[in-house]
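Visitor: Could you take me through one part of this model closely, with the cut-offs spelled out? I'd like to look at how one chain meets another.

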Amino acid sequence: MRVLTFALALAAPLVLAEPSARHVEEIHVRDFHTKGIVKREAVAQDGILRICTITNDRPPAALAQVLEADQLKTIPFPAGSLMGDWKRGENIAQSGRGMTWTDPAGTPNGGSCYNCHQLAAKEISFGTLGPTLLAFGKKRGSGADVQKYVYGKIYNAKAYNACSQMPRLGWSGTLTEQQIRDLVAYLLDPASPVNQ
Amino acid sequence: MSGPMKMRATLAAGYTDVRVLMTHPMTTAQSNQPLHFIQSVTVKQNGRTVVEAQISQAVSRNPVFTFRLKGGAKGDKIEVSWLDNKGESNKIEASVA
Amino acid sequence: MRLLVSLVCALPLAAFAQDAKKEIEKYQQMLGEGSPAELWEVQGEELWKKPQGPKKASLERCDLGLGPGKVAGAYARLPRYFKDTDKVQDLESRLVTCMTELQGRSPKEATQRVFGNADRPAEMEYLVAYIVGQSRGHKMAVPNSHPKERAAYELGKKVFFYRAGTWDFSCASCHGETDKRIRMQDLPVLSEREGAQKAYTTWPAYRVSNSQLKTMQWRINDCYRQMRYPEPEFASEATIALTHFMAVTANGAPYRGPGTKR
């Protein structure tokens with residue numbers, strides 16, 4: 001009993017100094033406000049983000065699998081071919097428009113892909129936050145399986161990596177079904193600059 | 001007379017380094033507002049004109065100009081003045097450190 | 001002839017990107033040697049001394065942590081706990097306190113227009129430039145001993161790693177790993193000493209592309225905008241805690257601001 005009290009006494013200052021996850025969320029909801037098209041509610045966490053935050057983006061493998069399976073269920077895979085127009089896809093990949101509080105409602109959003117990824121060799125202005133996607137289709141082909149993976153990954157990246165830093169571009173309402181198809185083509189079409 | 005100017009003139013090996021900061025909107029034909037930009041900058045060393053620059057709309061707002069004047073000595077009086085397309089002007093004087 | 005042209009045009013992209021990085025560094029060095037930010041400092045000093053508000057008083061008795069009117073080195077010791085307001089405050093919230101207490105201005109009026117634009121900078125931006133300029137060369141020594149300072153530090157750390165918003169981002173999503181960049185903009189790791197020291201000591205800054213002096217509250221505000229979050233309240237507990245966390249992490253380095261950025 002004495003050991004337990006002692007251990008608790010040692011732990012107490014550490015516990016008190018660190019704010020609880022719920023307290024942190026409450027502070028966010030209190031200190032942020034709706035502006036433009038972005039609602040205050042966006043600063044509250046859904047279940048998966050709460051878990052990712054608490055586990056420093058490294059949840060235990062078993063838990064990650066459950067979370068990923070859940071996220072996979074949210075993806076409405078279209079019927080038929082998932083390949084759109086790579087020329088439109090390139091514009092979507094280059095565009096960083098949309099979803100901020102200064103963006104007007106109703107304007108087409110971009111995918112901001114080049115912010116984080118290398119894609120076509122000719123474009124040197126690319127970020128390195130995500131892996132390079134150079135020659136993506138050349139390396140993996142453009143069969144139905146690969147198309148499905150790419151579509152799913154763009155719609156909801158967390159279905160494949162629970163705490164991915166990549167936004168859930170379809171699920172969040174950023175990109176339309178057609179836009180994601182066009183990005184699939186940009187990555188997989190042999191004629192796309194990504195695969196030259 | 002508009003916003004402040006700031007100038008630093010320091011003696012280096014064989015030349016005087018002059019840095020001038022100017023406050024000016026430098027509104028160009030690219031904007032919807034009336035043109036308002038610096039057209040000329042004059043530099044005087046101990047009262048004698050040493051630089052007369054014709055500035056155009058290509059220069060950005062709040063320009064920073066750096067010059068190197070041949071020779072010079074500590075205590076030299078450097079004066080930099082500008083004149084814009086509206087006839088407004090400003091000037092600043094400093095001694096070479 | 002055509003063969004020669006195509007050989008010349010086939011520059012290795014890696015070399016091209018490296019040249020771009022060198023040019024960017026050269027540009028940044030040039031900016032550091034003579035910056036319009038100094039013009040904001042001059043005007044800020046005038047505003048600091050200008051009698052304003054119902055009490056027709058200047059800000060010259062404002063206590064920024066080192067005693068009334070003591071400005072030299074004050075920014076290098078902010079944010080910090082203040083007894084009179086019983087909370088941790090950053091520079092901007094402290095200036096608002098002084099505007100209301102010393103000058104008798106209403107909090108609403110003092111915070112009405114804290115972010116200006118190129119045609120009309122905000123009073124806050126001039127004042128901030130002046131105060132931070134007076135800490136140029138001073139070693140960062142942000143206090144972290146009072147219980148409320150420690151609480152702000154811990155909260156700030158949690159805010160840094162908190163994942164939310166339409167795109168699931170935390171500050172760490174971009175500023176969490178070394179040698180990463182977004183497009184061509186290098187991203188310092190702000191939660192660790194080296195990155196925090198590099199970044200924190202050159203903000204607030206004059207942004208050449210905007211022709212404006214941008215404050216720390218603005219920098220945090222615009223980060224959240226790009227993160228697809230809703231807007232944070234000006235000088236809210238969350239933003240001050242975040243600032244305190246980064247500032248303490250930057251301790252030991254000489255403050256070099258105000259900076260000049262792209």
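Guide: Let's go straight to where chain B meets chain C: 13 residues from chain B and 13 residues from chain C make up the contact, with contact meaning heavy atoms within 4.5 Å. This is a predicted model, where local features need pLDDT of at least 70, side-chain atom pairs count only at pLDDT 80 or more, and totals for chains, interfaces and linings use all residues. Residues are numbered from 1 along each chain as its sequence is written, chains are lettered from A and ligands numbered from 1 in the order in which they are written, and side-chain values use heavy atoms, with hydrogens and water left out.

Now the area. Chain B and chain C bury about 1,100 Å² between them, and carbon and sulfur atoms give 53% of that; buried area here is the accessible area (1.4 Å probe) that two parts lose on being put together, summed over both. On the chain B side, Pro4(B), Leu21(B) and Arg61(B) lose the most area to chain C, together 42% of what that side buries.

As for charges, there are 3 salt bridges between chain B and chain C, each being a side-chain nitrogen of Lys or Arg within 4 Å of a carboxyl oxygen of Asp or Glu. One of them links Glu38(C) to Lys6(B), with the closest N and O atoms 3.7 Å apart. You also get 4 residue pairs in polar contact, both residues at pLDDT 80 or more. A polar contact is a pair of N or O atoms within 3.5 Å; within protein, one must be able to donate a hydrogen and the other to accept it, and residues adjacent in sequence count only if both atoms are side-chain atoms.

Which elements of chain B do the touching? Strand S1 (6-12) and strand S2 (15-21) of chain B are the ones that give two or more residues to the side facing chain C. Strands (E, at least two residues) and helices (H or I, at least four) are DSSP runs, numbered from the N terminus. By class, that side of chain B has 5 nonpolar, 4 polar and 4 charged residues. Ala, Val, Leu, Ile, Met, Phe, Trp, Tyr, Cys and Pro count as nonpolar, Asp, Glu, Lys and Arg as charged, and the others, Gly among them, as polar.

Staying in chain B, let's follow some other strands. Strand S3 (residues 38-45) and strand S4 (residues 48-54) of chain B pair antiparallel over 6 bridges; strands pair if DSSP finds at least two bridges between them. They form a hairpin with 2 residues between them, and Asn46(B) in the turn has a positive phi of about 50°. Lys44(B) has Thr49(B) as its bridge partner in S4(B), and Lys44(B) also stands opposite Glu79(B) in S6(B). S3(B) and S6(B) run antiparallel, joined by 7 bridges.

Strand S6 (residues 77-84) of chain B is mostly covered, with 6 of its 8 residues buried, that is, under 20% relative accessible area (exposed is over 50%, partly exposed in between; 1.4 Å probe, protein chains only). Another 7 bridges join S6(B) to strand S7 (residues 89-95) of chain B, again antiparallel, and Val80(B) has Ile92(B) as its bridge partner there. The hairpin of S6(B) and S7(B) has 4 residues between the strands, and Gly87(B) takes a positive phi near 90°.
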